Amino acid sequence: MAALPDLAEWVVDANDALSLSLVSPSKSGLRLVGSFHPNFTYPIFGEEEKIFGYKDLKISLRFRANDMRPHLETTYRKKLSPPAGVEEPTDIKAVFQEGNHLPKVAFVKSSDFEDSSQQLGDKWTPPGTLQETIDGPDGQYEIWRGSLEDPAIKQLNSRIQILVPLFIEGGSYIGQNPESDSPELDLSDANRWTVFFLYRTQKSDEQPDQKLYVFVGYSTVYRFFYFGRPLAPPPESGDEWELPDGNFDLAKLPCRTRLSQFIILPPFQGKGNGAKLYKSIFQYYHKHKQTHEFTVENPNEAFDDLRDVCDLTFLKTIPDFVSLKLDPSVTIPKKGPVPSLVVGGDRLEEIRLTAKIAPRQFHRMVEMYLMSQLPSSVRPSMALDDDPPVPIQADKHLERLWQLLVKKRLYRHNREALSQIEQSERIDKLQETLTGVELEYARILAAQERASGHSPVPSQTSGKRKIDDKSGDESQSKKPRVEDA
C-alpha cells in the first residue's frame with residue numbers, strides 16, 4: 001500500500017500566490033507599470049486563505065493599465081494527483097468564474113490579451129465625464145465620473161470590482177446580496193450609483209500629442225432619498241390633494257450621498273492620491289444642489305485619517321467655523337446642566353448643514369479644531385521632545401472647558417452603558433476614553449499640518465478611535481465599553 005503524501009506540502013498561501021499587476025503596451029510588448037499582492041483573499045478562497053493541491057503556485061492577474069481589462073493566468077511546478085480519499089486540487093479558474101469575480105474576457109488565452117493590448121491604441125480615454133485635472137509632482141492626474149447606468153462605466157466596474165474584496169475587509173460587490181451565496185448581482189438601482197476614477201496621465205512615446213492613461217484608483221458613491229423639511233407647504237384642502245404617481249426623477253430629489261467603496265492601488269499609495277480623489281468627490285457633492293449630507297460607509301482606520309484631514313482642511317475655509325472658540329467667561333456649575341461652552345455654538349447646526357458633513361463627523365471636527373486652538377501649555381501633542389510652558393489658571397480653565405465639551409458628547413453616545421456602572425467608575429471610563437481622543441486628535445492635527453505643507457498624508461494609522469476596556473473581556477467583566485462615536 002502506497003504511503004499517503006504529506007498534504008501540508010501541497011497547501012499554499014493564497015495572498016502570496018496571487019499577484020496583481022498593471023501593464024501597458026509598448027513597442028517591445030507589454031511593459032510592467034507596477035505589481036502588488038492583495039490584502040485579503042478569504043472572500044474568494046475561504047476563511048483560511050489557502051489553496052490546496054499545488055507546489056510553487058503562481059496566480060497572475062494582469063490588468064491593462066488604462067481600461068483595466070483583466071487577464072488571469074496560473075502556473076505551478078507540480079499539481080497533486082490525489083489518491084483515493086484525498087480531495088482534488090482547488091480548481092482556480094472555476095473559483096474565479098463561479099464566484100463571478102471576473103468577467104469572461106479575463107479567461108482568454110494570454111496571446112489574445114497581449115494582441116488586443118497592442119491594438120487598443122493611444123486614443124483611448126476613460127468613460128464618463130472629465131471632472132477635474134490635477135497637477136502632481138509625478139505627472140498630471142484626471143478624475144472621471146459616470147453613472148453605473150452607462151454601459152461603459154458598468155463594463156469598467158465589472159473589471160475592477162474584484163479589487164473590493166481583495167483590499168477592503170468585508171467589502172462586497174455592488175448589487176451583491178450579503179445574505180445570499182448566489183454570485184448573481186442585482187443592478188436594478190444602477191441609476192443611484194456614481195463611479196469616480198482617478199488616472200495618472202503621461203505622453204505617448206510614439207505620439208507625443210497623445211495621452212496614455214494609468215489607472216490609480218476609484219470610488220463608488222450611492223444616493224439615498226433625504227428625509228428633510230418638506231419642499232412645499234401642505235395643501236390647504238385635503239379633498240383636492242392626490243398622491244403623486246411615483247415617477248420621480250431621482251436626480252432632482254433631495255438626497256443623502258454615501259461614499260461606499262474607495263481604493264487606491266498599492267503602487268500609488270502614500271503619495272497623496274487618496275486625498276486628491278476624496279477632495280474632488282466631496283467638493284463635487286458639496287456643490288451638488290440635491291445633496292444635503294455627505295456620509296461614508298464603514299470607513300477603516302486609514303480612510304478615517306484621510307477623511308479627517310481633508311474635512312478639517314475644508315472646514316477651515318468656512319469663516320463661521322474658524323470663528324468658533326471656547327468661551328472663557330463660562331463658569332462651570334458644581335451641579336446641574338453644563339452651559340454652552342463655545343462662542344458661536346448656537347450656529348453649529350447651521351454651519352454643519354452648510355458644510356453637508358454628517359453630525360458625528362462634524363462634531364469631531366469641531367472638537368479637533370478647538371483643541372488646536374488651546375494654549376500650547378495645555379494642548380495635547382504627539383511631539384515627545386516639546387517643552388511646553390507652565391500653564392496659567394486661564395489656560396487650565398480653557399482645557400477643562402474643552403474636556404467637558406468632549407465628555408458631553410461621549411456621555412450622550414454611551415449613556416445606556418454608563419448608566420449600568422457606579423458614578424466613580426463612570427468618571428474613570430470617560431477620562432480613559434478622553435485620553436485616547438486627545439492622542440488621536442493630536443495625531444490627526446499633526447497629519448493635517450503636514451498635508452497643508454503639501455506633504456503626503458500617511459496611509460496608515462497607529463491608533464484606534466474606539467478605546468476598549470483594558471480590564472478584560474467584556475463578556476466576562478460585564479463592564480461597558482465607552483466609545484468615541
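This section describes a six-stranded sheet, a helix that packs on it, a pair of crossing helices and two cysteines in a predicted model.

The sheet is open and consists of six strands, arranged in the order S9-S10-S11-S12-S13-S14. Pairing within the sheet is mixed. The edges are occupied by strand S9 (129–136) and strand S14 (291–296). Each of these two strands has a single partner, so one side of each is left without a neighbour in the sheet. From one strand to the next, the twist averages 25 degrees.

Helix H7 (residues 273–287) packs on this sheet. The strands touched by H7 are S9, strand S10 (139–147), strand S11 (193–203), S12, S13 and S14. The direction of H7 makes about 165 degrees with that of S13.

Strand S12 (residues 211–225) pairs with S11 and with S13. The strands S11 and S12 run antiparallel and are joined by eleven bridges. Across this pairing, Tyr199 stands opposite Phe215 in S12. The pairing of S12 with strand S13 (residues 255–264) is also antiparallel, and nine bridges make it up. Two positions illustrate the register of S12 and S13. Val221 stands opposite Leu259 in S13, and Ser219 has Phe262 of S13 as its bridge partner. In a regular strand, side chains alternate between the two faces of the sheet. Strand S12 is mostly covered, with eleven of its 15 residues buried.

A separate contact involves helix H11 (residues 359–372) and helix H14 (residues 423–452), whose axes come within 10 Å and cross at roughly 80 degrees. H11 is therefore roughly perpendicular to H14. On the H11 side, the contact is made by Arg364, Glu367, Met368, Met371 and Ser372. These residues meet Glu438, Glu440, Tyr441, Ala442, Ile444 and Leu445 in H14. By type, the residues of the contact divide into six nonpolar, one polar and four charged.

The cysteines were also examined. The structure holds zero disulfides. Cys255 has a relative accessibility of 1% and counts as buried, because the cut-off for burial is under 20%. Cys310, at 6% relative accessibility, counts as buried by that cut-off.

Conventions:
Residues are numbered from 1 along each chain as its sequence is written. This is a predicted model: local features need pLDDT of at least 70, side-chain atom pairs count only at pLDDT 80 or more; totals for chains, interfaces and linings use all residues. Side-chain values use heavy atoms; hydrogens and water are left out. Axes are lines fitted to C-alpha atoms, for helices over the stretch in contact, and angles run from 0 to 180 degrees between N-to-C directions. Helices (H or I, at least four residues) and strands (E, at least two) are DSSP runs, numbered from the N terminus. Angles under 35 degrees count as roughly parallel, over 145 as roughly antiparallel, 65 to 115 as roughly perpendicular and the rest as oblique. Contact means heavy atoms within 4.5 Å. Ala, Val, Leu, Ile, Met, Phe, Trp, Tyr, Cys and Pro count as nonpolar, Asp, Glu, Lys and Arg as charged, and the others, Gly among them, as polar. Two strands pair if DSSP finds at least two bridges between them. A disulfide is a pair of cysteine sulfur atoms within 2.5 Å. Buried means under 20% relative accessible area, exposed over 50%, partly exposed in between (1.4 Å probe, protein chains only).
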